[in-house]
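The following exercises concern a single protein chain and are to be worked with its sequence and model in view. Each task is followed by a stepwise solution.

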Amino acid sequence: MKKNKTTHAMAGVLMVIFIMAFLIVTGRFLYIQASGVVEGVSLDEWATKVRTTSYTIDSERGKIYDKNGMTLAYDMPTFRMYAIVDERYSENLEEKQHVVDPVETAEKLAPLLNAEKDYILGRLNSGIESNLSQVEFGAIGKEISLQTKDDIQALKLPGIRFIQENIRYYPNGMFASHIIGFARETEMKTEEATFKEITGVTGIESEMNDLLKGIDGKISYQRDIYNKKLLDPSEVIQMPDNGDDVYLTIDQKIQTLVEDVMTQVEEKYNPERMTAIVMNPKTGEIVAMSNRPSYNPNNPANVLNWYNDAISTPFEPGSAVKMFTWAAAIESKVYNGDEGYMSGKYQISDRVSPIHDFNRKGWGTISFDEGFARSSNVAAAKLVWEKMGPDTFLEYLKAFDFDKPTGIDLPGEVQGQILYNWPLEKITTSFGQGSTATPIQIMKAATAIANDGKMLKPYIIDRIVDPDTNNVIENHEPEVVGEPISKETAEQVRELLVSAVQSEHAVGSRFNLDDYSVGGKTGTAQIPDPNGGYLTGHENYVFSFLGMAPSDDPQLMMYVSVKQPNLEFESGIEPGSAPVSFIFNNVMENALHYLSITPDKGETSTVNVYEIPNVEGKSVASITDSLSKAGVDYTVIGEGTKVVQLSAEVGMKILPNEKLLILTDNPTMPNIIGWSLRDVLKLGEMLSFDIEILGSGYVVTQSIEEGQKVDKGTYLGIELKTPKELQEMKSIDETSDKEAIENESDDVFE
C-alpha cells in the first residue's frame with residue numbers, strides 16, 4: 001500500500017509538470033501565432049529575408065574623352081574564371097554542374113588560356129582532394145577577355161563558370177598619362193559590408209573621382225528553397241546610376257604628335273626630364289601636355305616619375321622670364337628700346353657679386369631691343385635695378401600671378417617661389433635665376449602677352465556629360481583672371497619675341513618655322529648643385545623655349561623644357577636648344593596646319609594633312625598610291641587586293657607622324673617590331689586580337705610571326721621596352737662586346 005501511494009504521488013507530480021509544460025508551450029505557440037514575434041524578431045520579416053535573394057547591378061564608371069570624343073579611359077569588361085568541383089552541385093540534375101573530367105577540362109582550357117595543362121589540372125585535383133566546393137586559377141583565370149570567355153563557353157565544359165569584373169582600361173597606353181592618371185580596384189568598407197570599387201589614384205581619375213564613379217543598382221526577389229522565383233516574387237529593381245563622362249580640352253591628334261616627338265628625343269638624347277605644354281592662348285585650354293619619364297596607366301609598375309612636372313615641379317626657368325621683365329618695363333613707361341647700354345658685366349656695388357651675359361664679354365654697347373634678341377642678362381638686370389626699381393618689378397611679378405598657383409583643374413599643383421630678399425636675388429630674378437616657377441605658371445603669365453594683355457586661367461576639363469541623358473552638367477568657359485599689361489604693351493612684347501627668333505641677332509633662330517612666324521624666348525636655366533652653387537658642364541642645364549604662332553595673332557602657344565640631354569660632340573658642341581627645337585618645330589608646324597590655321601609665311605604649305613576618304617570598294621593599290629603622294633606613313637595588313645578597313649574613320653585628318661593601318665581582305669601578321677603600343681592596339685581593334693602586353697614603350701618581340709595568316713580573336717603577346725631600357729640594353733651589349741674583344745686580345749698575348 002505504501003508503495004502504491006508513492007507511485008500515485010509521483011505520477012501526480014509528473015502529470016502536473018506535464019500539464020504545466022504543455023500549457024507553457026501551448027501558450028507560447030498561441031502568443032507567437034498572435035504576435036508574430038520571437039525574441040523581438042518579426043517572423044514575417046525573418047521569413048521574407050530568408051526567401052529574398054538580391055544581387056548588385058554594377059554601375060559603369062564614367063569615360064574620359066578628348067575634346068573631339070576620342071575615348072581615353074573606360075571600364076573594360078573582363079572575366080574571372082572558377083570551377084565547381086563538388087559533385088553535390090550536380091545531385092538530381094540531368095545537366096552536370098561540376099567538373100566531371102578534370103583531364104579533359106585541363107586539356108581544352110590550356111590553349112585558350114595560354115597556360116600549361118598540368119597547372120590547370122593541378123588546381124582542379126587540389127580542389128577535389130581538399131573537398132573544396134570550387135577553385136580559382138590564379139593570374140591565368142583573371143582579366144579574361146570577352147572573346148576568350150565566349151570561346152571557353154563554346155566548349156560547354158561542365159563546372160566552368162565566370163564572374164564579370166570590370167577593369168579600367170586606357171586604349172592609348174602611355175598617352176597623356178600624367179593628365180589622365182589611372183584608377184584601380186580598391187577595397188572599400190562600410191558599416192554594412194566590404195566591397196571593391198574602382199577608384200582614381202592620380203590625374204583626372206583622382207581629381208574627378210566623385211563624378212566619374214557611379215552608384216551601383218540592386219535587384220531583389222523572393223525565391224523557394226531551389227532558388228527559383230516565386231509566382232509573386234515581390235521583385236524590386238533599383239537601376240544603377242552610371243558615372244558622368246569627362247571631356248578634356250586636349251586634342252588627341254596634337255597630343256599624339258607631342259608624345260611621338262618627345263619619345264624620339266628621349267631615344268636620341270636620353271634627358272633626365274622633359275616637359276611640353278601646348279595651349280590655346282585665346283581661351284586657356286590645354287591642347288596637349290606631356291612629361292618624360294612617363295608610364296603606362298594600364299600597368300603602372302616601376303614608375304620613375306609620378307609627378308606631373310608641368311604643374312608640380314617648380315624650377316629656375318631661366319631667360320624665358322625676360323619677356324615678363326621687358327613687359328613690366330614697357331608697361332611702367334620706363335623703357336626705351338633704342339637706348340644703349342654696356343653689355344657683358346653688371347655689378348650694382350662691391351658687396352654684391354657681378355652678373356654676366358652668357359658669353360661673359362658681351363657685345364659692347366648695344367640697344368635694349370638688341371639685348372632682348374641676344375638674351376642679355378645685363379639688360380634685364382639694368383631694367384629692374386635702374387629703370388623700374390625692384391619694388392615695381394615685384395608688383396608686376398605678382399600681377400602675372402607668379403606668387404600663386406594657376407588653379408588648373410588637375411591634382412597636385414605646386415606653385416613656385418619668388419626669392420626676393422637680397423639685392424642679388426632681385427637682380428637674378430629678372431633673368432629667371434633664384435626664383436622658381438612651374439611651366440604652367442609661365443604659360444598662364446604668357447597668355448597676357450599673346451592675348452592683348454588679358455591673362456587667362458589654364459584649364460583641361462572641357463565639359464562634364466551625363467551619359468544616360470547626354471545632358472551637359474558642366475561646361476567650362478574661358479576665364480580672364482587678370483590684365484597685368486595693356487594691349488599696346490602686349491603687341492610691343494610680341495614684336496620683341498619675334499626679334500628673338502627671326503632677327504640677325506636672335507639666339508632662338510632654331511625655332512623659326514617654314515610657314516608661320518614665331519615669337520618666343522629661349523631659356524637656359526642653371527641646375528642647383530646639392531653641395532652648393534650650380535652644376536657645371538655644357539649639358540647640366542634645363543634648356544627651354546616658349547613660343548607662340550602666328551606671331552601677330554597667336555593661335556597656339558607652346559612651352560618645351562629638356563633637362564640634361566646627352567648632346568652630341570662629334571662635330572663641335574651641339575647646342576642645348578637642338579632637342580627643344582626638334583620638339584617645338586615638329587609639333588607647332590604640324591599642329592597649326594592640322595587646325596587649318598592660315599600660314600603667314602611663304603606661299604605654299606610644307607605640311608600635308610591627309611583627310612581620310614571613303615574607301616568602300618576601293619583597291620589597296622589606289623589607296624596606297626594616294627597615301628604615298630600625301631606623304632602618309634601607312635602599313636598594309638595582309639596580301640589582299642581590296643581594302644576592308646582603315647584605322648581612321650572617314651573625314652578624320654592624319655598628320656605626317658601618324659601611322660595609318662590598311663586592313664585587306666586577306667590579312668596576315670605584319671612586322672610590328674618598333675611599333676608603339678597605340679599602333680598595336682589599333683591593329684588589335686581591327687582584327688579583334690586577344691592582346692597580352694608586357695612592359696611599356698615600343699615592341700621588341702611579337703608572338704605571331706610576320707606573314708602568318710591571322711583570324712579574328714587570335715592571341716597576340718607582345719613585349720615592349722622604353723627608349724631608356726633599350727639604351728641600357730645597348731650599353732650592356734656594347735660593354736659585353738668590348739670585354740669579349742679584350743679577352744680575345746688577352747688570349748692572343750698569352
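A residue is called buried when its relative accessible area is under 20%. The model used throughout is predicted.

**Exercise 1. Characterise the chain as a whole.**

Solution.
Step 1: Apply the burial criterion; of the 750 residues in the protein chain, 48% are buried.
Step 2: Turn to the surface; the protein chain exposes about 37400 Å², of which carbon and sulfur atoms supply 49%.
Step 3: List the secondary structure, which comprises 21 helices and 33 strands.
Step 4: Consider contacts with a separation of 6 or more; residues 24 or more positions apart account for 69% of them.

**Exercise 2. Determine which strands stand at the edges of the five-strand open sheet, and why one side of each lacks a neighbour.**

Solution.
Step 1: Write down the strand order, β14-β13-β25-β24-β23, with antiparallel pairing.
Step 2: Inspect the ends; β14 (285-292) and β23 (519-526) each have a single partner strand, so one side of each has no neighbour in the sheet.
Step 3: Add the twist, which averages 10° from one strand to the next.

**Exercise 3. Describe the pairing of β23 with β24, and identify the helices that pack on the sheet.**

Solution.
Step 1: Count the bridges; β23 and β24 (residues 541-549) are joined in the antiparallel sense over eight bridges.
Step 2: Locate one facing pair; Gly523 lies opposite Ser544 in β24.
Step 3: Place helix α9 (residues 252-269), which touches β13 (273-280) and β14 and makes about 25° with the direction of β14.
Step 4: Place helix α17 (residues 487-502), which touches β23 and β24; its direction makes about 70° with that of β23.

How values were computed:
Residues are numbered from 1 along each chain as its sequence is written. This is a predicted model: local features need pLDDT of at least 70, side-chain atom pairs count only at pLDDT 80 or more; totals for chains, interfaces and linings use all residues. Side-chain values use heavy atoms; hydrogens and water are left out. Helices (H or I, at least four residues) and strands (E, at least two) are DSSP runs, numbered from the N terminus. Buried means under 20% relative accessible area, exposed over 50%, partly exposed in between (1.4 Å probe, protein chains only). Contact means heavy atoms within 4.5 Å. Accessible areas come from the Shrake-Rupley method with a 1.4 Å probe; for residues, only the protein chains shown count as cover. Two strands pair if DSSP finds at least two bridges between them. Axes are lines fitted to C-alpha atoms, for helices over the stretch in contact, and angles run from 0 to 180 degrees between N-to-C directions.
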